Amino acid sequence: MSERSRIGVVFDKARADGRALLVGCMPAGFPTVEGSIAAMKTMIAAGVDVIELEIPYSDPVMDGPVIQRASGIALAGGVRTRDALRIVEEVAATGAPVAAMTYWNPIEQYGVDAFARDLAAAGGTGMVTPDLIPDEADEWLAASDAYGLDRTFLVAPSSTDERLAMTVAHCRGFVYATALMGVTGARAQISQAAPVLVSRVRAVTDLPVGVGLGVGTGAQAAAVAGYADAVIVGSALIRCLLDAPDQESGLSALRAVSAELAEGVRNPTP
Amino acid sequence: MSADALAAPAAQFPDAAGHFGRFGGRFVPEALVAALDELGAAHRAAMADEQFRAEFDALLRDYAGTPSLLYEAHRFSARAGARVLLKREDLNHTGAHKVRNVLGQALLTRRMGKKRVIAETGAGQHGVATATAAALFDLDCVVYMGQVDTERQALNVARMRMLGATVVPVTNGSRTLKDAMNEAMRDWVANVDDTHYLIGTAAGPDPFPRLVRDFVRGIGDEARAQCLELTGALPDAITACVGGGSNALGIFHAFTDDPQVRLYGFEAGGEGVATGRHAASITGGSAGVLHGTRTYVLQDADGQTQESHSISAGLDYPGVGPEHAWLHDTGRASYRPVTDAEAMAAFELLCRTEGIIPAIESAHALAGTLAVAGELAAELGRQPTIVVNLSGRGDKDVHTAGEYFGILDKE
Ligand SMILES: Cc1ncc(COP(=O)(O)O)c(C=O)c1O
């Protein structure tokens, strides 16, 4: 493993405090560029520790209906990759770590090296890549090294031990454990597969492990915080804005859900 | 040359990780990798298993009706200025080349012990073929179809339901084939333990492009032997339409090591590539990643997929199989666009000269044949022999064509 990443320091502090981090996901440009900046700042103010900024993509195969709709709204509004970088810059200025989450094609079209350079310059910490596996990531491995960015690849319950070790070895910053086999979206029950997967990851790395897919309530966040270093939440936050009749009520719902989740990660269920 | 000798050089592609040069590979969620590995291993083992191959061959012969005829179309030839031989995949059970792919993949599904298949479909041809194989193999079957397509292809929706499949209209995105494919991928990620994704063309992540190619390559193997028998020589050119690319690869493969045989793929030029309303991914797109593979894609500067347009639902897809992208880059095959109007003119010509109603997809290959025949004759200094992959029949297109030609009685 190379030098401690910026996000690693934040994880260290949370570990010392006996709690997990709350990672909140929001598509760039949803519902508008300014609206998404307001949403992310609201989340941070309400206790979200890390922003995972999703770059909207036309064909998000890992995402369920909520993120699909939000991404669609952002794209229909004309958001560009360079707008996403500007949003990273504004939100990172709050001091909270901002990681980009993106399907691969937008990065490939921007230019992998150019995107890494601009993301680093904007103050982003790294990238979460849901449809890029280390096997295809040579360019990204080089660019992330060159610009000191974190690389978060996903591991899944179906990953073999061999693949899990290989994938984790290519991660820097934190590892993303997909709690269940399926797409994003809040669920009534968090999968039993998640704790097993986290312990498999822990067997091969000291890197922090974030768990995502399905978390929606404070109680679920507390339960996941009992065994993971970060709780990753997307759809439950995004839905606040989708369901709201206007921006003000959307942001206030977002503030409430963020606070509930933040309370959860600060009180891990043993 | 023996069939085995022919198979050897092609077997080098893709490489072990599914790359055709800079194309192909796997751009998928990690959750799918284990299933793709399992599928790749099952495919390799099956292809080496004589019993599997014998069972596949028997199904193709006794159930699907292959080898399909190679028919010399004399009256069409006279109009084309070439000796035109039609590979009659339209005569196969379910009416297209697609039955070869679904039978092969259904056999693989059974071999892997899976009980459920899912598929995406545009016009409904692949959905009907999948539902057919699922009925034959007693598999549960769910077909994803864009809502726009379920409405314009209601008859095929009814066919799938008669065969026992569940048809799920997809209401997100552009509500067409590309979104049906996204939805099938989402289902697969969630149900990969007991489900096989029976993909409809030679696209998607490794191993799909090579697996589909292997199941449809009988088209070319048959055509090669039939052409030698009929004419005593190899053809001067092979022509096929290219949507995702399965029928074209199926007929190309037996000829890739015969440099004198020119390979032409005809993409859907829609209203013309210059108008932006087309589905010509190679001639009008650029390299990118879509649906798990790196290939030519219709996309904007930010890598967002653009909607495709074609009168032919089966060609209306903004990507193309990675092997075609590579055959284009290496120059081994030539890809050209054919507009809706050119395809429909060729459609009408085949109806009137041969009494054969082609699929509108296949009409693109016929139109392309008319376009290259003169060039080839000039280059060779004699009448060229061209084998056209007549990939499917036009029953499904009667309504579209009837409207296009304005020959439907008004109610
Ligand atoms: C008759 C026919 N030909 C061609 C195609 C295009 O697919 P591909 O390019 O995979 O052969 C289709 C697809 O539905 C079809 O039905």
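Visitor: Where in chain B does Thr94(B) lie?

Guide: In this predicted model, Thr94(B) lies in the loop that runs between strand S4 (83-88) and helix H5 (98-111) of chain B. Phi of Thr94(B) is near 75°, which is a positive value in a residue other than glycine. Most residues other than glycine have a negative phi.

Visitor: What is omega for the cis peptide bond between Thr66(B) and Pro67(B)?

Guide: Omega is about 0° for the cis bond that joins Thr66(B) and Pro67(B), and Pro67(B) is found in the loop between helix H3 (50-64) and strand S3 (70-72) of chain B. Another cis peptide bond, with omega about 15°, joins Asp206(B) and Pro207(B), and Pro207(B) lies in the loop between strand S8 (195-197) and helix H10 (208-216) of chain B. Most peptide bonds are trans.

Visitor: What makes the pair formed by His97(B) and an oxygen atom of the ligand a polar contact?

Guide: A polar contact with the ligand needs a pair of N or O atoms within 3.5 Å. A polar side-chain atom of His97(B) lies 3.1 Å from an oxygen atom of the ligand, so the pair is within that cut-off. By the same test, Lys98(B) qualifies, because an N or O atom in its side chain is 3.4 Å from an oxygen atom of the ligand. Gly244(B) qualifies through its backbone, where an N or O atom lies 3.2 Å from a ligand oxygen atom.

Visitor: How much of the ligand's accessible area does the protein cover?

Guide: On its own the ligand has 390 Å² of accessible area, and the protein covers 97% of it. The space that the ligand takes is the largest cavity.

Visitor: Why is the ligand said to lie between domain 1 and domain 2 of chain B?

Guide: Both domain 1 (19-60 + 97-212) and domain 2 (66-95 + 216-405) of chain B give residues to the shell around the ligand, and therefore the ligand lies between them. The shell has 17 residues, and among the closest are Thr201(B), Gly243(B) and Ser391(B). By class, four residues of the shell are nonpolar, 11 are polar and two are charged.

Note on methods:
Residues are numbered from 1 along each chain as its sequence is written. Chains are lettered from A and ligands numbered from 1 in the order in which they are written. This is a predicted model: local features need pLDDT of at least 70, side-chain atom pairs count only at pLDDT 80 or more; totals for chains, interfaces and linings use all residues. Side-chain values use heavy atoms; hydrogens and water are left out. A residue is near a molecule or strand if one of its heavy atoms lies within 4 Å of it. A polar contact is a pair of N or O atoms within 3.5 Å; within protein, one must be able to donate a hydrogen and the other to accept it, and residues adjacent in sequence count only if both atoms are side-chain atoms. Accessible areas come from the Shrake-Rupley method with a 1.4 Å probe; for residues, only the protein chains shown count as cover. On a 1 Å grid over the protein atoms alone, a cavity is a set of points where a 1.4 Å probe fits but cannot get out, and a pocket is an open set with protein on both sides within 12 Å along at least five of seven lines; lining residues have an atom within 4 Å of a point. A molecule sits in a cavity or pocket if more than half of its atoms lie within 2 Å of its grid points. Ala, Val, Leu, Ile, Met, Phe, Trp, Tyr, Cys and Pro count as nonpolar, Asp, Glu, Lys and Arg as charged, and the others, Gly among them, as polar. Domain bounds come from an automatic or database domain assignment. Helices (H or I, at least four residues) and strands (E, at least two) are DSSP runs, numbered from the N terminus.
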